Amino acid sequence: MNLPVVQARLAEADVARIERAAAYVETHDTDQVLAELLPSLTSAERADVSRHLVFDHTAVLVFPDSLDGLREELRRLGLEPGPVTPSVVVRDRLTRRYGPALAGIPVGIVHVAVGGRSVEIFALPVSPDSALEAVAADEREAEHESHHAFAVTASGPVVPAGLRLLLQERGGAVPDGGGYNGHENVTVLYHRTTTHRRFELRLPGRHDPLPAPTTALLTVMTGAWATQAVATMAELNIADHLADHPGMSAERLATLTSTHPDALRRLLRYLTSLGLLTSADGTYHLTATGQPLRTGTEFSLHPLAQLYGGPFYDSFAGLTHSVRTGEEAFAHRHGQHHFPYFVQHPELGSLFHRAMAASAEMFTPVPTLIDFSAVREVVDVGGGNGALLGHVLRAHPHLEGVLFDRPDALEAARTQLTERCTFVTGDFTRSVPEGGDVYLLSRVLHDWDDERCRTILGRCAEAMRPGAQLLVVERLLPTPTAVAWDVHMLCNVGGRERDEAHYTRMLAEAGFEVRGCQELPLGASLIDAVRATPS
């Protein structure tokens with residue numbers, strides 16, 4: 001007796017989604033997919049990444065009424081499906097999202113070849129009038145499980161670990177679960193991008209799992225503890241002590257820092273877990289990550305650690321106020337904007353200026369990125385301690401400099417810039433010194449809203465002759481550093497970080513033409529603009 005062939009049915013919406021995925025796979029290569037998912041990666045970085053992974057497939061979740069006969073339904077659509085295998089990872093993700101009712105329902109995987117790649121079809125059976133119809137509707141709308149996948153071609157753990165770090169630190173990708181699929185003997189590591197797209201790294205064999213969602217969330221929630229631990233390490237000058245005497249015991253370090261030995265040992269253990277120290281045989285050593293907390297070294301982050309663990313840490317307790325109102329939390333908690341507040345508290349003002357100098361590493365390439373050979377005078381508008389202007393003047397002895405800022409800010413610069421520099425006090429919202437060939441605006445615009453930025457740029461334009469150059473240094477969205485600093489600016493000064501297009505529009509409105517944009521250290525960028533001839 002011949003049994004009838006079961007024919008699974010796919011909704012028209014699912015058929016259309018499969019067809020779109022197939023068209024995407026057929027028209028995109030590895031570099032194109034990386035550029036689309038991770039636009040912050042440079043072309044050179046994408047080329048290097050492409051040496052170790054390859055675009056493998058695009059995945060989509062569909063909802064046939066049965067897994068039986070699914071291959072026949074796909075063939076009817078003109079596709080060539082492989083075998084249907086169980087999906088452990090996707091079933092677990094769906095169970096976490098929608099509850100244990102899905103735990104016993106099988107989720108199938110079937111690959112459909114498209115050129116040299118494939119479409120990976122996840123199939124959750126949903127019978128008509130089932131309670132799971134709501135799940136199907138939500139998944140079709142949200143596309144939680146749709147993603148692009150890359151197969152990692154390098155063997156061993158080192159290259160995959162480096163890839164994951166690069167994609168997270170430079171690409172802005174955030175881990176989004178994953179696990180080991182024993183049916184295919186692969187470890188899948190999901191990531192989510194800054195544009196809310198998902199992709200998957202497929203590593204052959206079993207690899208260390210990513211943290212469970214609850215564990216990952218707890219790690220994020222305790223970030224404030226890390227901030228204070230680093231600030232305490234700076235306040236106690238632990239980096240200096242360990243640099244002078246590598247391999248010091250907790251007891252000896254407690255004597256030097258006048259701290260409780262057991263309490264200090266517990267702090268050192270935590271700093272070790274954060275990667276700032278290493279420990280062996282009861283002694284402690286600085287790591288490369290801990291080295292910048294030394295004092296008296298170029299670009300020491302020691303004052304920045306104290307600032308982040310002090311007044312700026314306190315203001316973040318008012319972040320909810322900022323999010324509700326759009327107003328800066330610092331002024332809400334301290335009664336005034338942080339610039340005048342620091343003027344009234346000289347010890348904090350001094351700390352702020354030293355902290356700003358700690359980030360001066362971002363300025364080091366500027367003198368070589370710009371041609372200063374025909375330039376006579378450089379005007380640094382709102383230049384604070386003069387770190388950027390100092391780099392330019394030291395690199396080009398023929399230049400004269402003008403540092404323009406508030407009186408309290410200039411005091412911090414007078415000991416740093418002693419030659420070929422004129423100090424001018426003033427308010428850049430009212431006027432800017434005239435006559436310069438190149439003007440600098442470094443980390444100024446992100447302190448202000450768009451209206452105030454247009455005012456500042458307008459004052460610069462009024463002071464500059466046509467053809468004069470304006471160099472703007474800022475962190476640009478959507479890099480992870482800028483995304484974090486954007487919230488910091490909201491909370492502490494009422495300003496914001498912006499993307500390149502946003503700055504380009506404001507510069508154009510003020511009468512400037514942008515000629516280029518180049519990356520700088522510490523997540524910063526250099527926007528090169530020129531004063532256009534007024535029409």
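A residue is called buried when its relative accessible area is under 20%, and with that cut-off in mind you can begin the tour of this predicted model by selecting Cys-421, which is buried because its relative accessible area is 16%.

Keep Cys-421 on screen and look for a partner: the closest cysteine sulfur belongs to Cys-460, and since it is 17 Å from the sulfur of Cys-421, it is too far for a bond. A disulfide is a covalent bond between the sulfur atoms of two cysteines, and the count in this model, taking sulfur pairs within 2.5 Å, comes to 0. Select Cys-517 next, which is likewise in no disulfide, the nearest cysteine sulfur being that of Cys-453, 16 Å away. Cys-517 counts as partly exposed, at 28% relative accessibility.

Now move to the largest nonpolar core, which has 42 residues, and select Val-381, Leu-441, Leu-470 and Phe-512, the members that touch the most others. If you centre the view on Leu-441 and set aside its neighbours within four places in sequence, you will find it in contact with Val-381, Ile-456, Leu-457, Cys-460, Leu-470, Leu-471, Val-472 and Val-473. Apart from this core lies another, of 36 residues, and to find it you can select Leu-10, Leu-38, Val-110 and Leu-203, which are among its members.

Finally, colour the chain by pLDDT: the mean is 90, and 98% of the residues reach 70 or more. Residues 1–5, however, have a pLDDT below 50, and beyond near neighbours in sequence this stretch has 0 contacts in the model. Where pLDDT is low, the predicted coordinates should not be read in detail.

Methods
Residues are numbered from 1 along each chain as its sequence is written. This is a predicted model: local features need pLDDT of at least 70, side-chain atom pairs count only at pLDDT 80 or more; totals for chains, interfaces and linings use all residues. Side-chain values use heavy atoms; hydrogens and water are left out. A nonpolar core is a set of buried Ala, Val, Leu, Ile, Met, Phe, Trp, Tyr and Cys residues joined through side-chain atoms within 4.5 Å. Buried means under 20% relative accessible area, exposed over 50%, partly exposed in between (1.4 Å probe, protein chains only). Contact means heavy atoms within 4.5 Å. pLDDT is the predictor's confidence in each residue, from 0 to 100.
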